[in-house]
Amino acid sequence: MAETRPTGTLQRGIETAKSGNKLLARLHLLHAVELAPRDPNCWLWLAWVAESPASAVHSLERILEDDPHHELALLGLRWAEAMAKFELGQPTNVQTLPVR
């Protein structure tokens, strides 16, 4: 039977990601975002296991639509955009962040 609660599906996705199976984790997390499309945790984990930096960008931008100041999404977006450019062979101009 398919899971209908986002927390169970999200938890399975997180556990699967932590075990190293990104493909299966993506499947669980894609289901989690279907069940809870406004839950930033679902999108963050989906970005973490994304197949490519461009896919991660999409997930992180989704978080920022609801919360433009979400710190982890902003940091992840900077990384994912830089990695996407790197993969395309484009120069990156990423500034280092100050250490807190």
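Q: Why are E65 and R62 separated by about one helical turn?
A: Both lie in helix α4, three residues apart, so about one helical turn separates them. This is a predicted model. Here the two side chains meet in a salt bridge, 3.8 Å from N to O.

Q: Is E65 buried or exposed?
A: Read the relative accessible area; over 50% counts as exposed. E65 has 59%, so E65 is exposed.

Q: And R62, buried or exposed?
A: The cut-off for buried is under 20%. R62 is at 17% relative accessibility and therefore counts as buried.

Q: With which residue does R62 form a salt bridge at 3.1 Å?
A: With D66; 3.1 Å is the distance between the closest N and O atoms. R62 and D66 are four residues apart in helix α4, so about one helical turn lies between them.

Q: Which residues do salt bridges with shared partners join into one network?
A: Follow the partners from bridge to bridge. The network holds R38, R62, E65 and D66.

Q: How many salt bridges does the structure hold?
A: Three. Besides the E65 and R62 pair and the R62 and D66 pair, the side chains of R38 and D66 meet at 3.0 Å, N to O. The R38 and D66 pair links distant parts of the chain, 28 residues apart. R38 sits in the loop between α2 and α3, D66 in helix α4.

Q: How do R38 and D66 rate for accessibility?
A: R38 has 62% relative accessibility, so R38 counts as exposed. D66 has 36%, so D66 counts as partly exposed.

Q: Which residues form a nonpolar patch on the surface?
A: Look for nonpolar side chains that are accessible and neighbour one another. In this model they are L24, L27 and L30. Together they have about 260 Å² of accessible area. Take L27, in helix α2, residues 22–35. Its relative accessible area is 52%, so L27 is exposed.

Q: What should helix α5 span?
A: Use 1.5 Å a residue, times one less than the number of residues. Helix α5 has 17 residues, 71–87, so the expected span is 24 Å. Its end C-alpha atoms are 24 Å apart, which agrees.

Q: Which residues of α5 are buried?
A: Apply the cut-off of under 20% again. In α5, A73, G76, L77, A80, A82 and A84 are buried.

Q: What covers the buried residues of α5?
A: Look for elements in contact with them. The cover includes α3, residues 40–48, and α4, residues 53–66.

Notes:
Residues numbered from 1 in each chain as written. Predicted model: local features only at pLDDT ≥ 70, side-chain atom pairs only at ≥ 80, totals over all residues. Heavy atoms only, no water. Helix = DSSP H or I, 4+ residues; strand = E, 2+ residues; numbered from the N terminus. Buried < 20%, exposed > 50% of the residue type's maximum accessible area, 1.4 Å probe, protein only. Contact = heavy atoms within 4.5 Å. Patch = residues over 30% accessible without salt bridge, like charges linked within 9 Å, V, L, I, M, F, W, Y side chains within 5 Å. Areas by Shrake-Rupley, 256 points an atom, 1.4 Å probe, with all protein chains shown as cover. Salt bridge = Lys/Arg side-chain N within 4 Å of Asp/Glu carboxyl O.
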